[in-house]
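Dear colleague,

Please find below the structure that I am handing over to you. I should be grateful if you would read the notes that come after it with the model open.

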Protein chains: 2
Amino acid sequence: MTSPARNARSASAPAAAGNGASLAGARLRVAVPSVAERVAQELRHQLAEGLLLPGARLTEAALAEDLGVSRNTVREAFAELASERLLVRHPNRGVFVASLGAGDIHDVYTVRRAIEVSTIRNGGTTEQIAAVRAAVEEGKKAAAANDNEGLGSANQHFHRAIVAMAGSRRLDTIMSQVLAEMRLFFHKATVDAEFYSGYLKDNEQICAALEAGDGERASELMLAYLDRSEAQQVAIHGV
Amino acid sequence: MTSPARNARSASAPAAAGNGASLAGARLRVAVPSVAERVAQELRHQLAEGLLLPGARLTEAALAEDLGVSRNTVREAFAELASERLLVRHPNRGVFVASLGAGDIHDVYTVRRAIEVSTIRNGGTTEQIAAVRAAVEEGKKAAAANDNEGLGSANQHFHRAIVAMAGSRRLDTIMSQVLAEMRLFFHKATVDAEFYSGYLKDNEQICAALEAGDGERASELMLAYLDRSEAQQVAIHGV
DNA sequence: CTTTGAGGAATTGTTCAACAATCCAACGAT
DNA sequence: ATCGTTGGATTGTTGAACAATTCCTCAAAG
């Protein structure tokens, strides 16, 4: 019953001479993200890029000054990022970049096992499987180009494509958040060339099983992959 | 004061392999929840209680006045509830109590299938299974007392206990959020006496299978239960 | 009679300035 | 060296302000 889009006409343009110039760029963009949302985006970017390391402290005043926004707005962005577990709030002490502890690694992989294995067992449409295949090929290409950064991205695309087969917005966002958490914490590991290259074969096998319509085998492969990956992460980062 | 580098000291403190998380989480009750948090709690309560129906609008000023807090504080509470999908923000239009559409029902059950079935297949410790059993008995008792409200609570406890077997904080919170969503939307349905009573037998069977160590059978029963429940919800609420 | 457009009220988005509460580190007294 | 005290800094919260936007009403034009 809710009509999603309402045209934004009423271009009364009572404003001064300048007029459309500045608005022209945003003319088609019906929904401009709020300032708080843009701050959150910027922080997510910096977190994903490894510019903000786990444990680092973020002070409201500094960020507000730095980004040219109000402290309250920064606060809203903090709340959003905290709800995604990328930041943690210590009451009256400040917000810090999240850092995963020993149990958290297992925790994250438990979520992934639940979501990915369950999803993959049910298979997907040919289009959805094609998306998975595309991610696999993207990874191969990145490997051939020795592009580690691209390899990491391709791997995330692969797993996101897997979950997308379930066709659930909620699962998609959960998966995105989990991947963001991992990317934040495991950023150092991504520099290791051998780190992702070993997974290329797994992804290929899983994708092949999917294309063959053997969801059961695909799910078993995925489960084995996740278990192995978890063990690897535990080995790298001190338990 | 332009502070160019915000990468604070990450050196010593955060080590605490034990876990900084538990330190924060284990902050004893000496810490009083913030005002924003209390507002969020109050709203959650009213939502769960059915005092705020889906689609209802919440105005910042009214709530601020009503609860005796500042508008900004209400805003923070809104942000938190929105991140839990209990409220939705329409930019420049206001926040509304979330209402599930056609696809959302299937979406929610997709999440539950992924989490609950996956968790139950792996079984749990005797203590964890005992918690499941306790929820089952709680339901029986409520049924005997003709306490529909209690029946609904017991059912939620049952499913929460199931997920708790995974021992994952993240899965627990995801499950809590999903259950909160359902409780909000399906509140009207909970008045139906027959609605939950039919599930008592399912819960009993699932619990029995768990106690017998037959996780596979338990998971199959759970899957069948969820599918049936989804169909029932779709039947009740217009597709 | 329907459509169009121009106010105008109401609400949100955002900023700013202030104050209380809390934490932290340095300091001083015992 | 231990323990309390004292400042300084940062967060939590408030209140008021203003621009931007939406919604509603209503009169004018077709």
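The notes below describe what was found, beginning with the overall make-up of one chain.

The model is a predicted one.

Chain A has 10 helices and three strands. Along the sequence, these elements follow the pattern α-α-β-α-α-β-β-α-α-α-α-α-α. Chain A has 239 residues, and 43% of them count as buried. Among the contacts in chain A with a separation of 6 or more, 71% are between residues 24 or more positions apart.

The sheets

In chain A, the three strands form an open, antiparallel sheet in the order 1-3-2. Strand 1 (57-58) and strand 2 of chain A are the edge strands, and each of them pairs on one side only. Strand 1 of chain A runs antiparallel to strand 3 of chain A and is joined to it by two bridges. Within strand 3 of chain A, A:Val95 is the residue that stands opposite A:Leu58. Strand 2 (residues 87-90) of chain A pairs with strand 3 (residues 94-97) of chain A over four bridges, again in the antiparallel sense. A:Val95 in strand 3 is also the bridge partner of A:Arg89.

Chain B likewise has an open sheet of three strands in the order 1-3-2, with antiparallel pairing. Strand 1 (57-58) and strand 2 (87-90) of chain B each have a single partner strand and stand at the edges, so one side of each has no neighbour in the sheet. Strand 1 of chain B and strand 3 (residues 94-97) of chain B run antiparallel and are joined by two bridges. B:Arg57 has B:Phe96, in strand 3 of chain B, as its bridge partner.

Turns and loops

Most residues other than glycine have a negative phi. Two asparagines of chain A merit a look in this respect. A:Asn92 lies in the loop between strand 2 and strand 3 of chain A, and the hairpin of these strands has three residues between them. The phi of A:Asn92 is positive, near 65°, although this residue is not a glycine. A:Asn92 has a relative accessible area of 89% and is therefore exposed.

A:Asn146 is found in the loop between helix 6 (126-144) and helix 7 of chain A. The phi of A:Asn146 is positive too, at about 60°, and this residue is not a glycine. With 68% relative accessibility, A:Asn146 counts as exposed.

A:Gly167 is placed in the loop between helix 7 (148-164) and helix 8 of chain A. Its relative accessibility is 54%, so A:Gly167 counts as exposed. A:Gly167 and A:Gln128 are 39 residues apart along the chain, and their C-alpha atoms are separated by 9.3 Å.

Helix 2 of chain A

How far apart are the end C-alpha atoms of helix 2 (residues 35-48) of chain A, and does that distance agree or disagree with the span expected at 1.5 Å a residue? The end C-alpha atoms are 20 Å apart, which agrees with the 20 Å that the 14 residues should span.

The buried residues of helix 2 of chain A are A:Ala36, A:Val39, A:Ala40, A:Leu43, A:Gln46, A:Leu47 and A:Ala48. These buried residues pack against helix 3 (60-67), helix 4 (71-83), strand 2, strand 3 and helix 8 (169-185) of chain A. After helix 2 of chain A comes A:Gly50, which has a positive phi near 85°.

The two chains and a pocket

Chain A superposes on chain B with an RMSD of 0.1 Å after a rotation of 180° with 0.0 Å of shift along its axis. This is the relation of a two-fold axis. The C-alpha of A:Ala114 is the one in chain A nearest the axis, at 2.9 Å from it.

A:Ala114 appears again in the second largest pocket. This pocket holds about 700 Å³ of space. It is lined by 33 residues, of which A:Ala114, A:Ser118, A:Arg121, B:Ser118 and B:Arg121 are the closest to its centre. Two or more residues of the lining come from each of helix 5 (102-121) and helix 10 (215-236) of chain A, and likewise from each of helix 5 (102-121) and helix 10 (215-236) of chain B.

With kind regards

Terms used: Residues are numbered from 1 along each chain as its sequence is written. Chains are lettered from A and ligands numbered from 1 in the order in which they are written. This is a predicted model: local features need pLDDT of at least 70, side-chain atom pairs count only at pLDDT 80 or more; totals for chains, interfaces and linings use all residues. Side-chain values use heavy atoms; hydrogens and water are left out. Two strands pair if DSSP finds at least two bridges between them. The expected span of a helix is 1.5 Å times one less than its number of residues. Buried means under 20% relative accessible area, exposed over 50%, partly exposed in between (1.4 Å probe, protein chains only). Contact means heavy atoms within 4.5 Å. Copies are superposed by least squares on the C-alpha atoms of residues with pLDDT of at least 70 in both. On a 1 Å grid over the protein atoms alone, a cavity is a set of points where a 1.4 Å probe fits but cannot get out, and a pocket is an open set with protein on both sides within 12 Å along at least five of seven lines; lining residues have an atom within 4 Å of a point. Grid points are joined across faces, edges and corners, and a volume is the space filled by probe spheres set on the points.
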